[in-house]
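Work through the exercises below with the structure open beside you, and try each task before reading its solution.

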Amino acid sequence: MASPLYLTLLAGPVEAVPVPKPLMDALVSVEVTESATGRSGFQLTFTLADNSILQTLFLLAAGSPIPVLRVILVVTFAGLPQVIMDGIILHHEVVPDAMHGSSKLVVTGQDLSALMDLIDFSGLPYPGMTPDVRVLTILGKYGAFGIVPEVIPVPTPDIPIPVKQTPSQKKTDLSYIQQLAKDAGYVFYITPGPFPGMNQAYWGPQVRVGIPQPSLNVNLDSWTNVESLNFRYQPQNSVLPIVFIQDETTKLPIPIPIPPVTPFNPPLGIAVPIPQKIEPLTATAKLSPAQALMQGMARAVETADVVSGDGTLDVVRYGQVLRARSLVGVRGAGIAFDGMHFVDSTTHRLKPGEYKQSFVLKRNALISNLPLVPALPY
């Protein structure tokens, strides 16, 4: 029976197109890493024989005037295509293999956020623009790469008056957007898809809600769909941030503790441990109350994950591709760790006839607060 798994590789300077068959035949392995907090990356390994067409393509690419080469990876499993990477190549490496008379060409790259980190636009002014409008303006430059912005406005924007203050950019587009996100207590990342050539650039609070993926089953005999799954409970990592809001009348700072459970980070279990450390965020006294609270909530979400898990699975046995930045259920791990978890990162490893993933799960509590978790996809 034919395999239900297919990999499509597209490449090109701006519009990526399917690569020729000799290139696909030379592809040995693919590794893609998706992260909920940082950049995503990929690595492609090709067989580089002496008479291979890759020899010519590699030499042409090395001296090409094209500044970036775009790569799109699409996995079709059970008839459903999914874009697992849309990025640019940053590094080539040739690894000789004298014993077999051939070499390996290893191509490494990152998602399209790396495209935003190539040119320094320091000093570019943004008169009268709130942070979210500035982000929209910057992301508008990359529409040719199919980047669609999803920007969440800050709760109480500080609108600068042009005659008094004009914000200006510092460093590259990526660095400036990340700094604006940090100032607002937000996150920024680019997610590929849903169609090849399209990407979603998200700038907003880190949200840990949504439709969960099918559960990861362990120690359930024939229902087990993971190869390994280990959990750790580390309550010492939890921090209670203290933000300071300055009283307009007395000019005295008012301390406000931010609990680990927030509207954007609801409890994924019943037993939420009390934070063992207190962290004063003294710099928030200079911010507006809304900005101070957002930064406090962002810090609380960042340190609230007292439960972490890591494991591996076979995609064919699991039944679909596990994606980062979303929820997934766990069954069979015990009372303390069963229930809903947040997928913090996944690493896809593809070889001919094989598709496996390693993953990292995070949660802010023990003991499931749900009687059931979905075992099958919606």
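**Pockets, a cavity and a patch**

In this predicted model, the largest pocket has 37 lining residues, and those nearest its centre are Gln213, Arg323, Ala324, Arg325 and Ser326.

**Exercise 1.** Find which elements give two or more residues to the lining of the largest pocket.

*Solution.* Begin with the strands, since the elements in question are S6, S9, strand S10 (199-204) and strand S11 (213-217). Next, look at S6, which supplies the largest share of this lining with 4 residues. Finally, sort the lining by class, which gives 22 nonpolar, 10 polar and 5 charged residues.

**Exercise 2.** Describe the lining of the largest cavity, residue by residue and then by element.

*Solution.* The residues that line this cavity are Glu34, Ser40, Ile84, Met85, Asp86, Asp111, Ile190 and Pro192. Two elements, strand S6 (80-97) and strand S9 (187-192), each give two or more residues to the lining, and S6 gives the most, with 3 residues. By class, the lining divides into 4 nonpolar, 1 polar and 3 charged residues, around a volume of about 40 Å³.

**Exercise 3.** Decide whether Val148 is buried, partly exposed or exposed.

*Solution.* First locate Val148 in strand S8 (residues 147-151). Then compare its relative accessible area of 44% with the cut-offs, under 20% for buried and over 50% for exposed; because the value falls in between, Val148 is partly exposed. As a last step, note that Val148 forms a nonpolar surface patch with Phe195 and Met198, and that together they have about 280 Å² of accessible area.

Methods. Residues are numbered from 1 along each chain as its sequence is written. This is a predicted model: local features need pLDDT of at least 70, side-chain atom pairs count only at pLDDT 80 or more; totals for chains, interfaces and linings use all residues. Side-chain values use heavy atoms; hydrogens and water are left out. Patches are made of residues with over 30% relative accessible area and no salt bridge: like charges are joined within 9 Å, nonpolar side chains (Val, Leu, Ile, Met, Phe, Trp, Tyr) within 5 Å. Accessible areas come from the Shrake-Rupley method with a 1.4 Å probe; for residues, only the protein chains shown count as cover. A salt bridge is a side-chain nitrogen of Lys or Arg within 4 Å of a carboxyl oxygen of Asp or Glu. Buried means under 20% relative accessible area, exposed over 50%, partly exposed in between (1.4 Å probe, protein chains only). On a 1 Å grid over the protein atoms alone, a cavity is a set of points where a 1.4 Å probe fits but cannot get out, and a pocket is an open set with protein on both sides within 12 Å along at least five of seven lines; lining residues have an atom within 4 Å of a point. Grid points are joined across faces, edges and corners, and a volume is the space filled by probe spheres set on the points. Ala, Val, Leu, Ile, Met, Phe, Trp, Tyr, Cys and Pro count as nonpolar, Asp, Glu, Lys and Arg as charged, and the others, Gly among them, as polar.
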